[in-house]
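Visitor: I have a protein structure on my screen and no idea how to read it. Could you walk me through a few features?

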Amino acid sequence: MKLISVVLSGGAGTRLWPASRQAYPKPFMKLGGSALLEQAITRGQACGTDDLLIVTNQDHLFLTQGLLSDMADPPRVRYLLEPKGRNTAPAIALAALDCQATHGDDAVMLVLPADHLIPDTEAFVANALEAVRQAQKGQLVVFGIQPTSPETGFGYIEVAKLGRDVQPVLKFVEKPDLATAQEYLATGRFYWNSGMFCFTAGAMLAALTQHAPDVLQAAGKALAQSTTQAMSLPDEPNPPHVTRFQAHSFGLQPDISIDYAVMERANNVTLVPARFGWSDVGAWPAVAQAHTPDASGNTLGAADGADWVAVNTTGTHVHVDSHCHKVVATVGVQDLVVVDTPDALLVTTKREAQNVKRVVDALKERHINSPHHQSTLLPPAVHRPWGTYATLKEEDGYKVKRITVKPGQSLSLQYHHQRAEHWMLVHGRGIVQIGDVEYPTVPGEYRYIPLKEKHRLTNTGPDELVLIEVQCGDYLGEDDIVRLSDTYGRL
C-alpha cells in the first residue's frame with residue numbers, strides 16, 4: 001500500500017488579519033512553536049506516509065519549500081501549483097489524478113488542510129490509521145469532530161448516534177443558523193465536519209465520475225495542459241517535482257467544495273470520530289485558546305522579547321509581530337484582541353473578532369484606488385526564495401527597504417526602468433554586480449545602481465547578509481523588475 005499525504009494549503013485566512021495576508025496566509029502562522037503547515041506535514045509523516053503532495057498557490061511555492069528545507073526530516077514532495085483558488089473539489093480531483101498516475105488506483109490519500117491545530121499527534125495517528133483501513137475497503141472517509149457548542153461557522157454531519165465507533169454518514173448539512181445548531185446538538189446525532197478526508201485515488205475518481213463528472217473532466221483538461229518538471233534549486237540532489245497549470249484551462253474548473261460535489265451525494269461515506277483536540281483556528285479567539293493563559297486569563301502570541309504591560313487587564317489576547325519593536329500596554333480592558341504589526345494595528349473584542357474579514361474587504365476596496373495600500377496583500381517581511389525584504393519607509397519619490405539574503409543565495413540579474421537604487425551593506429559579505437563589473441562588498445560599503453543598469457546581489461559569506469536599500473524614482477512598484485537571469489526560474 002502507498003499512503004500519500006495530500007496537504008491542501010490554500011485560503012487567505014482573512015479573519016486572522018493583519019497577521020495573515022495574501023502573500024503570507026494562515027498556514028504559515030506559527031502556533032505552538034511551528035507553522036500550521038509544518039504541523040500538517042509532520043502529522044502526515046507520523047502516520048507513515050510514503051510521499052507528500054502539496055496543493056498550493058503558485059505564489060507560495062518558494063515560501064513552502066523554504067519551510068520544508070528548514071525541517072529536520074523533510075519528506076519527498078510534489079507540488080500542484082494553482083494559479084488561482086478553485087475550492088476543494090478541483091484541488092482533490094487534481095490530486096487524485098496525480099496520485100493515480102504516480103502510484104496507481106490503490107494509493108491511499110490522507111487529505112489534510114494546512115491550517116488546522118491538532119496538539120495530540122498520537123491520537124490523530126490512531127484515528128488516521130483507522131481511516132486508512134476504511135479507505136482500503138473502498139470507503140470515502142471523513143473525520144468528524146464532536147461538537148462542544150452550537151457553532152454556526154462549521155458544516156455538520158449526521159450519523160445514527162454520537163460516540164460510536166466508525167459508522168456510515170446519513171447526511172451532510174450546511175452551516176446552520178444558531179437555532180438550528182442548537183437543535184443539532186440536542187439530538188446527539190451530529191458531528192462537525194473537519195474537512196479532513198481519506199480514500200483511495202481510485203475510489204475518489206470513481207465517485208467524481210458518478211457524482212461530479214464536470215469537475216473530473218475539467219480537472220483532466222487542466223492537467224493535460226499542465227507542465228511538470230523538477231524544481232530548480234541550488235545544491236539539491238533530489239529536487240521536488242512541480243506541476244504548473246495553464247491559467248485559462250485551470251480557471252474553467254467549477255468553484256465547488258468536495259462536500260457539495262461528492263460527499264453529500266455518495267452512498268459509501270464513512271465517518272471516523274476524532275479522538276483528538278482540534279481547531280480550525282478560524283479567528284483570533286481560537287488563536288488565544290491555543291496559548292496558555294496567565295492568572296488573569298490573558299494570552300500573548302509573539303516573538304521572543306515582545307514587551308507587553310497589562311494593567312487591570314483580563315481575558316485579553318495580544319499578538320506582537322516579530323518585526324515590531326515597541327511596548328504594547330493595555331489598561332483597564334477585558335476580552336480584547338490586540339494585534340500589532342509594523343504597518344497595521346487591530347483592536348477588537350473577542351465577540352466581534354469574526355468581523356475582521358469586513359476590515360480586509362474594506363482595505364481591498366481602498367487598494368483598488370491606492371496602489372500604496374497593501375496591508376492585506378504583503379506581510380511586513382516579504383519572503384523570496386533567496387531571503388526577505390521589508391519596507392521600512394515609503395513616501396513620494398523614495399522607499400527604504402531592509403533586504404536579507406541567505407548564505408550562498410543571490411537575487412536575479414535585473415534592471416529597473418523607473419528607479420535608481422542605493423545599497424549599504426550592514427551585515428555579512430557579498431558581491432554586488434553593477435553592469436559587467438563585480439564588486440566584493442563588506443559592511444559599511446556603499447554601492448549605487450543607476451537607472452536601467454543591470455545588477456545583482458550575491459551572499460558569499462557563511463552568515464545572513466543584511467542590506468539597506470534606498471529606491472529613488474517616480475514609480476517604486478515591485479512590478480518594475482526586468483529579470484535577465486535567475487537561479488529560481490522566475491524569468
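Guide: Let's take strands, a helix, cores, cysteines, rings and two single residues in turn.
Guide: This is a predicted model, in which local features need pLDDT of at least 70 and side-chain atom pairs count only at pLDDT 80 or more, while totals for chains, interfaces and linings use all residues. Residues are numbered from 1 along each chain as its sequence is written, and side-chain values use heavy atoms, with hydrogens and water left out.

Visitor: How do I read strands that pair up, and which strand does β22 pair with over three bridges?
Guide: Strands (E, at least two residues) and helices (H or I, at least four) are DSSP runs, numbered from the N terminus. Two strands pair if DSSP finds at least two bridges between them. Here β21 (residues 382-384) and β22 (residues 387-395) are antiparallel, with three bridges. They make a hairpin with two residues between them, and His-383 sits opposite Thr-388 in β22.

Visitor: What happens on the other side, between β22 and β23?
Guide: β23 (residues 398-405) runs antiparallel to β22, and eight bridges join them. Thr-388 turns up again, with Thr-404 of β23 as its bridge partner. This hairpin also has two residues between its strands, and Gly-397 there has a positive phi near 95°.

Visitor: Now a helix. Is α6 largely enclosed or open?
Guide: First, "buried" means under 20% relative accessible area, "exposed" over 50%, and "partly exposed" in between (1.4 Å probe, protein chains only). Eight of the 11 residues of α6 (residues 201-211) are buried, so the helix is largely enclosed by the rest of the structure. Among the buried ones are Ala-203, Met-204, Ala-207 and His-211. Their cover includes α3 (88-103), β7 (140-145) and α9 (258-263).

Visitor: What is a core, and which residues touch the most other members of the largest one?
Guide: The general idea is that in soluble globular proteins, nonpolar side chains tend to be buried together. A nonpolar core is a set of buried Ala, Val, Leu, Ile, Met, Phe, Trp, Tyr and Cys residues joined through side-chain atoms within 4.5 Å. The largest one has 48 residues, and Val-6, Leu-140 and Val-262 touch the most other members. Helix α3 gives the largest share, nine residues. Another core, of 35 residues, lies apart from it and includes Ala-35 and Leu-467.

Visitor: What does Leu-140 touch?
Guide: Contact means heavy atoms within 4.5 Å. Leaving aside neighbours within four places in sequence, the contacts of Leu-140 include Cys-198, Met-204, Ala-207 and Val-262.

Visitor: How many disulfides are there?
Guide: A disulfide is a pair of cysteine sulfur atoms within 2.5 Å. The search of the whole structure finds zero. The sulfur of Cys-198 has its closest cysteine sulfur in Cys-47, 8.9 Å away, which is too far for a bond. Cys-198 is buried, at 0% relative accessible area, whereas Cys-472, at 32%, is partly exposed.

Visitor: And how do I read aromatic pairs?
Guide: A pair of aromatic rings is described by the distance of the centres and the angle of the planes. Rings of Phe, Tyr and Trp (its six-membered ring) pair if their centres lie within 6.5 Å; planes under 30 degrees apart are stacked, over 60 edge-to-face, and the rest tilted. The whole structure holds 10 such pairs. One is Tyr-24 with Phe-28, tilted, at 5.7 Å centre to centre and 35° between the planes. Tyr-24 is partly exposed at 21%, but Phe-28 is buried at 4%.
Guide: Tyr-156 and Tyr-184 have ring centres 5.1 Å apart and planes at 55°, so that pair is tilted. It links distant parts of the chain, with Tyr-156 in β8 (residues 156-158) and Tyr-184 in α5 (residues 178-187), 28 residues apart.

Visitor: Can we finish with two single residues? Where is Gln-39 found?
Guide: Gln-39 is in helix α1 (residues 36-46) and is buried, at 15% relative accessible area. Its side chain reaches the backbone oxygen of Leu-31 at 2.6 Å, a polar contact (a pair of N or O atoms within 3.5 Å; within protein, one must be able to donate a hydrogen and the other to accept it, and residues adjacent in sequence count only if both atoms are side-chain atoms).

Visitor: Is Asn-298 buried or exposed?
Guide: Asn-298 is buried, at 4% relative accessibility, in the loop between α10 (284-289) and β15 (299-302). The side chain of Asn-298 reaches the backbone nitrogen of Gly-315 at 3.1 Å.
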